[in-house]
Amino acid sequence: MLDVALARAHTPGVDNVTHFNNAGSSLPPEIVVDTTIDHLRREAEIGGYEASEEAADRVHDVYRSIATLIGAQPEQIACVENATRAWDMAVYGYPFRAGDRVLTARAEYASNAIALLQLQRRHGIEIVLIEDDESGQISLEHLRRELDRGAVMMSLTHIPTNGGLVNPAQSVGEICSEYGVFYVLDACQSIGHVPIDVGQLRCDVLSATGRKYLRGPRGTGFLYTSDRALDILEPPFLDLHAATWTSETTYEIRSDAKKFENWETNYATKLGLGAAVEYALAAGPDETWSRIQSIACTLRERLDGLGNVTVHDKGQTKGGIVTFSVQDVPAATTQQSLRRAGINTSVSPPEYAHFDLPHRGLPALVRASLHYFNTDAEIDQLIQALET
Ligand SMILES: Cc1ncc(COP(=O)(O)O)c(C=O)c1O
């Protein structure tokens, strides 16, 4: 059983704020903060290179922890700065040819869409948008129709930045693997939120961030690459960590996923990320996921009960991100007045979700993103603040 009181006792930030901005950056548990600061202090005490050498085994364990969390091997993990860079290293590393069809869906994240548009200009790829089904998740039927017409890649955002939708990533993976299509999964909002097993999802690559539902430090992220992806992808840029300079005119790229990393890295936050992953594993991905679903469902019901508020989440399965609008009040105004009441939410603007919000005729929305450590009392506080 998940011990919410204990999780809160481990989270100093809950004493200061009501934090419903976990899809922005969550409140880290104390162990994450301590692990990060301890390493920074050690760097100051004995020197940065010496501190990383001393921590080498613990750094190695970070890859093991991430691999355990997602059902992968440590050699398939690259630690990078954020989810976007993880996604970029994979997608910009794909050997596209003019005319290649790349499928994506309405939940696609802005940075991924921008990158695909750049790749369209650069290589002449064709971007094909898969429609939603009647529930608002990706249409598996439309996906099959487009795969029948041929495609090289499917790029899916598991949970969008702007709503409660949880896309059926496993069904998409099963269909892509039937067609042999390269499957890129953006798990930025789903890691630490929904249990993730890359074997079941059948993705070729998965990108994730540390600071959101994993509750790790900012500026951390990772990329998972399947063995097939390791063969197919060439990093868009290399350094002396990703490759070895074997002679004046030659170099050799390393074979594991670290070829997608930089030599220089923030060891303190990498260790902090490892602590966050261990904390998530100990809390229990299945237990935390059910708790998130249950309190987000409570919040949606309570918001529905307010006459002037509309909830805009879609899809068959809904997670912890709750988006809504208050009649005749701009999202930023609501978010700022909640902030003054000590409640953190955020705003999802249309330009973060061009395939979705404008398509539904929606303006910017207020986003309250809940985590397992949020409580019913905090939901009461949000509802009261919206009522006044
Ligand atoms: C669905 C999704 N993908 C990718 C990103 C980008 O993540 P990062 O800022 O870690 O690069 C975000 C950030 O909000 C996101 O919501």
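Two residues are in contact if their C-beta atoms, placed from the backbone, lie within 7 Å. Keep that in mind for the exercises below. This is a predicted model, in which local features need pLDDT of at least 70, side-chain atom pairs count only at pLDDT 80 or more, and totals for chains, interfaces and linings use all residues. Residues are numbered from 1 along each chain as its sequence is written.

**Exercise 1. Describe how domain 1 and domain 2 meet.**

Step 1: Find the domains. Domain 1 covers 4-20 + 284-387, and domain 2 covers 33-282; such bounds come from an automatic or database domain assignment.

Step 2: Look at the spacing and the contacts. The C-alpha centres of the two domains are 26 Å apart. Across the boundary, 29 residues of domain 1 are in contact with 23 residues of domain 2.

Step 3: Ask which elements take part. On the side of domain 1 that touches domain 2, two or more residues each come from helix H12 (285-304), strand E12 (321-326) and strand E15 (365-369). Here helices (H or I, at least four residues) and strands (E, at least two) are DSSP runs, numbered from the N terminus. H12 gives the largest share, 5 residues.

Step 4: Sort this side by class. It divides into 11 nonpolar, 11 polar and 7 charged residues. In this sorting, Ala, Val, Leu, Ile, Met, Phe, Trp, Tyr, Cys and Pro count as nonpolar, Asp, Glu, Lys and Arg as charged, and the others, Gly among them, as polar.

**Exercise 2. Trace the open sheet of 7 strands.**

Step 1: Write down the order. It is E2-E8-E7-E6-E5-E3-E4, with mixed pairing; two strands pair if DSSP finds at least two bridges between them.

Step 2: Find the edges. Strand E2 (77-80) and strand E4 (126-130) each have a single partner strand, so one side of each is left without a neighbour in the sheet.

Step 3: Zoom in on one edge. E2 and strand E8 (residues 221-225) run antiparallel and are joined by 4 bridges. Ala78 stands opposite Leu223 in E8.

Step 4: Add the angles. Neighbouring strands of this sheet are turned by 20° against each other on average, direction ignored. Helix H6 (residues 110-123) lies across strand E3 (101-105), E4, strand E5 (153-157) and strand E6 (182-186), at about 160° to E5. Axes are lines fitted to C-alpha atoms, for helices over the stretch in contact, and angles run from 0 to 180 degrees between N-to-C directions.

**Exercise 3. Trace the open sheet of 4 strands.**

Step 1: The order is E11-E12-E15-E14, with antiparallel pairing.

Step 2: Strand E11 (309-311) and strand E14 (346-348) are the edge strands, pairing on one side only. The twist averages 40° from one strand to the next.

Step 3: E14 and E15 pair over 3 bridges, and Ser346 has Arg367 in E15 as its bridge partner.

**Exercise 4. Decide whether Arg202 and Asp328 are buried or exposed.**

Step 1: Recall the general pattern. Most residues other than glycine have a negative phi. Phi of Arg202 is near 55°, a positive value, and phi of Asp328 is near 65°, also positive.

Step 2: Locate both. Arg202 sits in the loop between helix H9 (198-201) and strand E7 (205-209). Asp328 sits in the loop between E12 and helix H13 (331-340).

Step 3: Apply the cut-offs. A residue is buried if 20 or more other C-beta atoms, placed from the backbone, lie within 10 Å of its own, exposed if 12 or fewer, and partly exposed in between. Arg202 counts as buried because it has 20 C-beta neighbours inside 10 Å. Asp328 has 7 other C-beta atoms within 10 Å, so Asp328 is exposed.
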